[in-house]
Amino acid sequence: MDMRWFFAVLLALSPIAADAQTRPLVVGQSFLTDSLDPVQGVAGWALQSHGVAETLFTVDRQGRVVPHLAESVRRDGEAFVIRLKPDLKFADGSPLDAAALKASLERATRENPRARAQTGALALMALDAREVRMRPERPVAAIESVLAEFPLAVHKADGTNVHMTGPFRPVEFRRGETLRLEPNPHYRDAGARPNVTIRRVGDAQTLALALESGEVDIAFNLAPETLARVRARPGIGVKSTPVAYQYMMLFNTAKAPFDDPRVRRAADLAIDRATLTAAVNGGEPASGMFPRVFPFAAETPRPTDTREAAALLDAAGWRAGPDGRRSKDGRPLEFTLTTYPQRPDLVAIAPVVRAELERVGFRVRIEIVEAITPQLQAKRFDASLWAMHAAPGGDGAFVFEQYLRSTGPSNFMSFADPALDAALDSLREIDAAPARAAALREIERRTFVSAPIAYLMTPVWHVGLSARAADYVPYPSDYYVVRADLRARP
């Protein structure tokens, strides 16, 4: 008898090994899905992050778009033919075939405007058991990237239940509190994965304490000020990774003082990005919308020029008084800067942004709100800090279509630039990577001039790990926190 085989079986049957899988691995993080239906708002992103939802294509650790549920996609005139991998199943055991994929794409684009932001409406036809012909209403060049974006997460609606294809499936959901998961038995290597509980922990200090006390095994995105204390605790590790996210400041262009592009440009120029990276002990100053890991990103960090900022404010009629504070027609140059605790780095840099802007005569109040997205959607803000993965599908068109097209579903800034819209229309026709990168950089350059957004910094995130989760390797984004390779030590 092969004794290695004997001991492997013995270990698999032992109570310790079994407990490693049945005792949940607890993930503490600042966000939790609002819905178990991926077509609701940005739930597709959260469910993908939770290991429940998947897309036809995905982005690997190097930022490359690669097939996932799809085996391939090929052009067919003005349409595309998506070929699924064989023998795919939803978490309820039903097949993910061409008919099911057609129903998923139809429902996503019907129910969620984010899902049709790049493609418009879709004309769909199942060609056989594994192939779907998809004809978008609008031209699409980077189709693999579009099929990797969260609004098109593959799912099956079955009455009040929605089934997905990820390595985990929901067992219990308490909105705003916890999501309990079990391994999806119809996913490969299901027996190797532990049960998982995701706990929403909104406060950065509470998250660090929960890790230290053993209440959580994976503390995702620890605040910088907690790192020294956490690292000093025996049995706890911290792994840090640069991420493909960008921190930025959104301006409400429909409200004074940011209805004037000169004021927006002045605010952008006033900020020394190096002070922001120092405040969070890592990261690098932003060069633009995209972290510099992407080939279409600008290379030069955004400039700081307080003299030019002051000149722009003077030209806009905001004059400095003896105390350096500016006013116009008896009104002070003031605004409220909004941020939110789910991104602890943003809370840390808010007072630094305030100090930088007050150097050129702004008066800045800071508010921290628990639910930032509804506030942005309702346009109840002057300027807001925001964290965003600018290319979740590996292509830069996503963020411009969603946030900066005049009709974009996430255009919180009330920004409209017909020339930028026309440039986005042209981008849909550009296939070649070098030409596409050049077009993206030109679109980005337009945003430097009109300044609806001030790009701030590219962060580094920190993940705290208990001994049970010591093998966990962070992904360079929060799109894949809970993954198929998640394992628990005894």
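In which loop is Gly-396 found? In this predicted model, Gly-396 sits in the loop between E22 and H13. Its relative accessibility is 0%, so Gly-396 counts as buried. Setting aside residues up to four places away in sequence, Gly-396 touches Phe-290, Phe-296, Ala-391 and Leu-440. A further pairing spans the chain. Gly-396 and Ala-297 are 99 residues apart along the chain, yet their C-alpha atoms are separated by 8.8 Å.

Helix H13 covers residues 397–404. Eight of its eight residues are buried, so the helix is largely enclosed by the rest of the structure. These buried residues are Ala-397, Phe-398, Val-399, Phe-400, Glu-401, Gln-402, Tyr-403 and Leu-404. What do the buried residues of H13 pack against? Two of the partners are strands, E22 (383–389) and E23 (453–458). Two are helices, H14 (418–427) and H15 (433–450).

The overall fold was examined next. The protein holds 15 helices and 24 strands. Its C-alpha atoms fill a box of roughly 90 × 60 × 40 Å along the principal axes. The radius of gyration is 24 Å. A compact globule of 490 residues would have a value near 23 Å, so the two agree. Buried residues make up 55% of the 490 residues. Contacts were also sorted by distance along the chain. Among those with a separation of 6 or more, 68% join residues 24 or more positions apart. The accessible surface comes to about 19800 Å². Carbon and sulfur atoms account for 53% of that surface.

Charges were then considered. The protein carries 61 positive and 59 negative charges. The mean positions of the two sets are 1 Å apart. Side chains of opposite charge can pair when their charged atoms come close. The count of salt bridges comes to 38.

One of these salt bridges joins Glu-212 and Arg-229, with the closest N and O atoms 2.9 Å apart. This pair links distant parts of the chain, 17 residues apart. Glu-212 lies in helix H6 (residues 204–212), and Arg-229 lies in helix H7 (residues 227–231). Are the two partners buried or exposed to some degree? Glu-212 has 11% relative accessibility and so counts as buried, the cut-off being under 20%. Arg-229 has a relative accessible area of 34% and is partly exposed.

A second salt bridge connects the side chains of Arg-273 and Asp-268, at 2.5 Å from N to O. Here Arg-273 is buried, and Asp-268 is buried too.

A third salt bridge is formed by Asp-471 and Arg-489. Their closest N and O atoms are 2.7 Å apart. Both residues lie in the segment after strand E24 (460–465), and the pair ties together parts that are 18 residues apart in sequence. Asp-471 is partly exposed, at 44% relative accessibility. Arg-489 is also partly exposed, with a relative accessible area of 39%.

Some charged residues are joined in a network. Glu-71, Arg-74, Arg-83, Arg-130 and Glu-131 are linked in this way by salt bridges.

Two further buried positions were examined. Ala-108 lies in helix H4 (residues 98–111). With 1% relative accessibility, Ala-108 counts as buried. What does Ala-108 touch, not counting residues up to four places away in sequence? The contacts are Val-39, Ala-115, Pro-151, Leu-152 and His-155. Lys-85 is 23 residues from Ala-108 in sequence. In space, the C-alpha atoms of these two residues are 21 Å apart.

Asn-221 is found in the loop between strand E13 (218–220) and H7. H7 is also the helix that holds Arg-229. Asn-221 has a relative accessible area of 4%, so this loop residue is buried. Beyond residues up to four places away in sequence, Asn-221 touches Leu-207, Arg-343, Pro-344, Trp-461, His-462 and Val-463.

Definitions and conventions
Residues numbered from 1 in each chain as written. Predicted model: local features only at pLDDT ≥ 70, side-chain atom pairs only at ≥ 80, totals over all residues. Heavy atoms only, no water. Helix = DSSP H or I, 4+ residues; strand = E, 2+ residues; numbered from the N terminus. Rg over C-alpha atoms; globule rule 2.2 N^0.38 Å. Buried < 20%, exposed > 50% of the residue type's maximum accessible area, 1.4 Å probe, protein only. Contact = heavy atoms within 4.5 Å. Areas by Shrake-Rupley, 256 points an atom, 1.4 Å probe, with all protein chains shown as cover. Lys, Arg positive; Asp, Glu negative; His and termini not counted. Charge placed at Lys NZ, Arg CZ, Asp CG, Glu CD. Salt bridge = Lys/Arg side-chain N within 4 Å of Asp/Glu carboxyl O.
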